[in-house]
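Good morning, everyone, and thank you for making time for this. Please have the sequence and the model open while I talk, and stop me at any point.

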Amino acid sequence: MGDAFEVVVDVEASLDEAPGLASTVLAWLTAEGIIDAVPTDGDVWGAGCYRPGRGHLFAAAHPDHPYAVGLLESGLGRLKVVIGRKVFVPIQGEPGPAVCPLCGHAVTVIDPETGMATREWELFSDALGDWYEGGSGTVACPNCGSPVGINEWRWQGDWPIAVGHLGFEFWNWPILNAGLVSEIGLRLGHRVVVTRGKV
């Protein structure tokens, strides 16, 4: 069956800013009753995760869906806050195409017919590795040659790739509504990117 996740990534926060920003968002989610105030002290998810609260339906795009209604009873939902230099990728999803914000050229990274990575994927794979190791993580557009940061590419579809120092991973929650994502972004004061997947 597996575990599904949806992650809201702050793509602008520095590593130094991340802990304080995480605390701000957690305080708001707790005040709204979306998450339980007490973090877990250790279970299959580890310590420091948050169970859904009584107001968790506020977070759901479809609050009347049986999965959303049964979230508390299932005992499977957790919010995990990730702080640190991380690449956030959709798992079991097909990212792209990625569109250059400067010239509008679309780069296909996954072949839609075979589901396999294209030759152009190597440009992004190398950039992601570079970013993770502390580099700038830029991809030279194959069309105009301009260096473009990973987070500046416009990913089409529901499966973007993002890099950042702060992510809010909602594990086994219903699909989040756009209002909740906007509220998180407002409290962060930064642009956020949402991706999802399943492991």
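Let me start with a term: when I speak of helices and strands, I mean DSSP runs, numbered from the N terminus, with at least four residues for a helix and at least two for a strand. In that sense, E32 lies in the loop between α1, residues 18–31, and α2, residues 66–69. I should also say at once that what you see is a predicted model.

Staying with E32, this residue counts as partly exposed, because its relative accessibility is 41%, a value that falls between the 20% and 50% cut-offs for buried and exposed. Its C-alpha atom is separated by 8.5 Å from that of H56, a residue 24 positions away along the chain. H56 also comes up when we turn to L29, which lies in helix α1: here the two residues are 27 apart in sequence, and the C-alpha to C-alpha distance is 9.1 Å. Unlike the partly exposed E32, L29 has a relative accessibility of 0% and therefore counts as buried.

Next, the strands β1 and β9. V8 lies in strand β1 and T195 in strand β9, and although 187 residues separate V8 from T195 in sequence, their C-alpha atoms are 6.9 Å apart in space. V8 is buried, with a relative accessible area of 0%, and T195, at 2% relative accessibility, counts as buried as well. For T195 I also have the distance to E133, which is 62 residues away in sequence and 22 Å away in space, again from C-alpha to C-alpha.

These two strands bring me to the largest pocket, so which residues line it? The lining consists of A4, F5, E6, Y67, F170, W173, P174, I175, R196, G197 and K198. The elements that contribute two or more residues to this lining are β1, residues 4–10, and β9, residues 192–198. In character the lining residues divide into 7 nonpolar, 1 polar and 3 charged, and the volume of the pocket is about 170 Å³.

Let me move on to N172, which sits in the loop between β8, residues 162–171, and α5, residues 178–188. Most residues other than glycine have a negative phi. In N172, however, phi is positive, near 60°. With a relative accessibility of 4%, N172 counts as buried.

Now for the aromatic side chains. With ring centres within 6.5 Å as the criterion for a pair, the count comes to 4 aromatic pairs. Among them is the pair of F124 and W153, whose ring centres are 5.1 Å apart and whose planes stand at 70°, so that the arrangement is edge-to-face. F124 lies in helix α4, residues 121–132, whereas W153 lies in the loop between β6, residues 147–149, and β7, residues 154–155, so this pair ties together parts that are 29 residues apart in sequence. Both F124 and W153 are buried, and together with W155 they form one aromatic cluster. A further ring deserves a mention in this context, that of W131: the charged end of R85 sits over this ring, at 3.9 Å from its centre.

Finally, the cysteines. How many disulfides does a search of the whole structure find? The search finds 0. C100 is accordingly in no disulfide, and the nearest cysteine sulfur, which belongs to C141, is 3.8 Å away, against a cut-off of 2.5 Å for a disulfide. C100 is buried, with a relative accessible area of 0%, and C49, at 2% relative accessibility, counts as buried too.

That is the tour I had in mind, and I am happy to take questions.

Technical notes:
Residues are numbered from 1 along each chain as its sequence is written. This is a predicted model: local features need pLDDT of at least 70, side-chain atom pairs count only at pLDDT 80 or more; totals for chains, interfaces and linings use all residues. Side-chain values use heavy atoms; hydrogens and water are left out. On a 1 Å grid over the protein atoms alone, a cavity is a set of points where a 1.4 Å probe fits but cannot get out, and a pocket is an open set with protein on both sides within 12 Å along at least five of seven lines; lining residues have an atom within 4 Å of a point. Grid points are joined across faces, edges and corners, and a volume is the space filled by probe spheres set on the points. Ala, Val, Leu, Ile, Met, Phe, Trp, Tyr, Cys and Pro count as nonpolar, Asp, Glu, Lys and Arg as charged, and the others, Gly among them, as polar. Rings of Phe, Tyr and Trp (its six-membered ring) pair if their centres lie within 6.5 Å; planes under 30 degrees apart count as stacked, over 60 as edge-to-face and the rest as tilted. Buried means under 20% relative accessible area, exposed over 50%, partly exposed in between (1.4 Å probe, protein chains only). A charge sits over a ring if NZ of Lys or CZ of Arg is within 6 Å of the ring centre and within 35 degrees of the ring normal.
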